[in-house]
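This briefing covers a sheet, a helix that lies across it and a set of aromatic rings. The model is predicted.

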Amino acid sequence: MKLKIAIIYTLSLSIFIIGCQQLNNQMKTGPDEPVSVSVDDVNPDESVYAGAVFIGDAKDQFGTDEYALNSATITDDTLNISVSYGGGCEEHQLTLVVSEAFLESFPVQLPVSIAHDANNDTCEAYLTENYRFDLTPIKTMYQNAYRQEAGTIVLRLKDAPEGNLIYEFTM
């Protein structure tokens, strides 16, 4: 009887250990292993942050911290971006830095970039956040420069995965 209990105990322990090893292997995701997220995985109630817009030569006054630009789209007068960066302990600010001068072409082009200030955040979580930028200051700049209410501007957003963005507006 003791032999039968010992065999059952050993067999149960072996199955438990093998199961734990398999579970541990499934849960491993290190920094070098890709993790994918689809649009279906995003919570619609997720926070969206408002970013500031600065027109002019900002130099480095709004930060030079690293980030990854995941996506960028324009809806009406709003630039929507998704960015990822390291941190998690401090509040991060993103600023849309806009050139003061249009590049003359048809349609006109405008260099823009994102400045990221991590506020010396030393935490190592990898965050993905959504930001919105109000493009009406760019529209106003165009309307004043070209004396037209409606227009099209090619926004040359540095590192945009989709390439240049088309900003069209009417009265």
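**Helix on the sheet**

Helix α2, residues 136–146, lies across five strands: β2, β5 (93–98), β6 (108–117), β8 and β9. Its direction makes an angle of about 65° with β9. The points below take the sheet and then the aromatic rings, two of which are followed in detail.

*The sheet*

- The five strands form an open sheet in the order β2-β5-β6-β8-β9, and their pairing is mixed.
- β2 (52–55) and β9 (165–169) are the edge strands; each has a single partner strand, so one side of each lacks a neighbour in the sheet.
- From one strand to the next, the twist averages 30°.
- At the β9 edge, β8 (residues 151–157) pairs with β9 in the antiparallel sense, over five bridges.
- Within this part of the sheet, Val154 has Ile166 of β9 as its bridge partner.

*The aromatic rings*

- Seven aromatic pairs are found in a search of the whole structure.
- In the pair Phe102 and Tyr142, the ring centres are 5.9 Å apart and the planes stand at 90°, which is over the 60 degrees required, so the pair counts as edge-to-face.
- Phe102 sits in the loop between β5 and β6, while Tyr142 belongs to helix α2, so their pairing ties together parts that are 40 residues apart in sequence.
- Both Phe102 and Tyr142 are buried.
- Ring pairs join Phe102 and Tyr142 with Tyr146, Tyr167 and Phe169 in a cluster.

Note on methods. Residues are numbered from 1 along each chain as its sequence is written. This is a predicted model: local features need pLDDT of at least 70, side-chain atom pairs count only at pLDDT 80 or more; totals for chains, interfaces and linings use all residues. Side-chain values use heavy atoms; hydrogens and water are left out. Two strands pair if DSSP finds at least two bridges between them. Helices (H or I, at least four residues) and strands (E, at least two) are DSSP runs, numbered from the N terminus. Axes are lines fitted to C-alpha atoms, for helices over the stretch in contact, and angles run from 0 to 180 degrees between N-to-C directions. Contact means heavy atoms within 4.5 Å. Rings of Phe, Tyr and Trp (its six-membered ring) pair if their centres lie within 6.5 Å; planes under 30 degrees apart count as stacked, over 60 as edge-to-face and the rest as tilted. Buried means under 20% relative accessible area, exposed over 50%, partly exposed in between (1.4 Å probe, protein chains only).
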